[in-house]
Amino acid sequence: MTTTSSHARTRMRQVGLPWSALLALGTAVFITSLTETLPAGVLPEISASLDTSSGATGQAVTVYAASTALTAIPLAAATASVPRKPLLLGAMAVFLVANTLTAAAPGYVVLLAGRCLAGVAAGLAWAMLAGYARRIAPAGSEGRAIAVAMTGIPVALSLGVPVGTLIGEQLGWRAAFTAVSLVTLVVIGWISVSVPGVDRPVVERADIDHSHTAPEAAKSPLRQTLAVPGIAAIMVTVATFVLGHTILYAYIAPYLRHAGLGPATDVVLLAFGAACLVSIWCVGRHVDRRLRTLTVTAAVLFTLATATLAVTTTHPIVWAAAVLWGLGWGGAPTLLQTTAGRAGLRHSTAAADTAQAVLVTLWNAAMALGGIIGGLLLESSGITAVAASAAALGAVSLLIVTGARHHAFPGTRATP
């Protein structure tokens, strides 16, 4: 049995969220999200500078996502016994090196190397960030803590990328990546001062019910985690929800041109981003008490919005659908990571962390696959088929969430 640490006793005495620590983690999330998506905003400048095609330069995003998807689970397993704080600081240091390398890249190969390195750092960071936020939160406020940390995702999409794009246009794309490196340097210092250390036991045997653990599952942390009731349903939901979102989001500009709103693309995306922020605020306030209700609502809003976009291009309705989409999507990272963490904790802390690593892998794989599938649909069947496919995947997610009410998405919080 694992001995209760002094940190755990302190955690039980806390009456409020550790805001400085959580905001530091949220800024780390912001850096990982911004690093992934920034090339899309400065793609023409990179192409012109390195004398590459837009298609080749666009692979900088794919390389990042693929590196994250391929490394999240192996790195989570390899670093299972490493204390979380030095591991997180190490991951952010790799981000610092990777973005600096990208900014200084003399050619295409070095650019891809920097992006690959950043993706590996993301695989390591994403596998621990939600769990870190959960473990430093007061008992009963774990979901709110994850919501605060995950705020970095919509902030990166709605503010970080536009600001990075502006810097790229005014000062050059290298200046945009240099700015990310400078922010990373600040975050490293912030984490060092504000984020408490958390030991990471390899396994908490007291949490494991051996009577329900199959011998085959006990052979590896991954198989053990996937055998936990509810985990498989959660992961299928992650894959379908993120795939549906990415299929349409990656090609929102062609959709808006098709709808006659091409000149307003930036404003529509701003409305979407603002709705995402409202969503994550609402989720943060209520996730610890109404996890199932919020998850069902998110799936309903997403499915309704994308289905609406598939059947009409009437301008006021498109605007309303964009807002509904943001309301359904903004809190999704918090909801799904909280759900996965809780389901894993019913087995062990190790299973909860492995579940987060699996979630990160599926999330990034779905993002990479979404861009490919969306492009194929756009070329073969048109933009309406892209929106319809997103709606169909949203409907699958909704069916899973509503049906898996006992283990994956229970109506009340289960005690781990």
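**Close-up views of a predicted, helical protein chain**

**View 1. Asp51 in a loop between two helices.** Asp51 is found in the loop that runs between helix H3 (43-50) and helix H4, in a model that is predicted. The backbone at Asp51 has a positive phi of about 55°, although Asp51 is not a glycine. Because its relative accessibility is 72%, and exposed means over 50%, Asp51 counts as exposed.

**View 2. The chain as a whole, as a setting for the close-ups.** The protein chain has 18 helices and 0 strands, and every view in this set can be placed against that background. Of the 416 residues in the protein chain, 54% count as buried. The accessible surface of the protein chain comes to about 16700 Å², and 69% of this surface belongs to carbon and sulfur atoms. Among the contacts in the protein chain with a separation of 6 or more, 85% are accounted for by residues 24 or more positions apart.

**View 3. Thr68 and Thr71 in helix H4.** Thr68 is found in helix H4, which covers residues 54-78, and Thr71 lies in helix H4 as well. Thr68 has a relative accessibility of 0% and therefore counts as buried. Thr71 has a relative accessibility of 17%, and because buried means under 20%, Thr71 counts as buried too. When residues up to four places away in sequence are not counted, Thr68 touches Gly119, Ala122, Gly123, Val360 and Asn364. Leaving aside its neighbours within four places in sequence, Thr71 is in contact with Gly119, Val120 and Gly123. Gly119 and Gly123 thus appear among the contacts of both Thr68 and Thr71.

**View 4. A nonpolar surface patch made by Val97, Leu101 and Leu117.** These three residues, Val97, Leu101 and Leu117, make a nonpolar surface patch of about 210 Å². Val97 is found in helix H5, and the place of Leu101 is in helix H5 too, a helix that covers residues 84-103. With a relative accessible area of 47%, Val97 is partly exposed, and Leu101, with a relative accessible area of 32%, is partly exposed as well. Val97 and Ala118 are 21 residues apart in sequence, while their C-alpha atoms are 8.3 Å apart in space.

**View 5. Asn99, a buried residue of helix H5.** Asn99 has its place in helix H5, the helix in which Val97 is also found. Whereas Val97 is partly exposed, Asn99 is buried, because its relative accessible area is 1%. Not counting residues up to four places away in sequence, Asn99 touches Thr35, Phe177, Val180 and Ser181. From C-alpha to C-alpha, Asn99 and Thr184 are 9.2 Å apart in space, although 85 residues separate them in sequence.

**View 6. Ala156 in helix H8.** Ala156 lies in helix H8, which is made of residues 152-171. The relative accessibility of Ala156 is 0%, so Ala156 counts as buried. Apart from residues up to four places away in sequence, Ala156 touches Phe30, Ser33, Leu34 and Val161. The C-alpha atoms of Ala156 and Thr27 are separated by 9.3 Å, and these two residues are 129 residues apart along the chain.

**View 7. Ala253 in helix H12.** Ala253 is found in helix H12, which covers residues 252-258. With a relative accessibility of 28%, Ala253 counts as partly exposed, a class that lies between the buried limit of 20% and the exposed limit of 50%. Ala253 and Val268 are 15 residues apart along the chain, and their C-alpha atoms are separated by 9.9 Å.

**View 8. A positive surface patch with Arg289.** Four arginines, Arg144, Arg285, Arg289 and Arg290, form a positive surface patch. One of these residues, Arg289, lies in the loop between helix H13 (265-286) and helix H14 (291-311). Arg289 counts as exposed because its relative accessibility is 56%. Like Arg289, Asp51 of the opening view lies in a loop, in that case the one between helix H3 and helix H4, and Asp51 also counts as exposed.

Notes:
Residues numbered from 1 in each chain as written. Predicted model: local features only at pLDDT ≥ 70, side-chain atom pairs only at ≥ 80, totals over all residues. Heavy atoms only, no water. Patch = residues over 30% accessible without salt bridge, like charges linked within 9 Å, V, L, I, M, F, W, Y side chains within 5 Å. Areas by Shrake-Rupley, 256 points an atom, 1.4 Å probe, with all protein chains shown as cover. Salt bridge = Lys/Arg side-chain N within 4 Å of Asp/Glu carboxyl O. Lys, Arg positive; Asp, Glu negative; His and termini not counted. Charge placed at Lys NZ, Arg CZ, Asp CG, Glu CD. Helix = DSSP H or I, 4+ residues; strand = E, 2+ residues; numbered from the N terminus. Buried < 20%, exposed > 50% of the residue type's maximum accessible area, 1.4 Å probe, protein only. Contact = heavy atoms within 4.5 Å.
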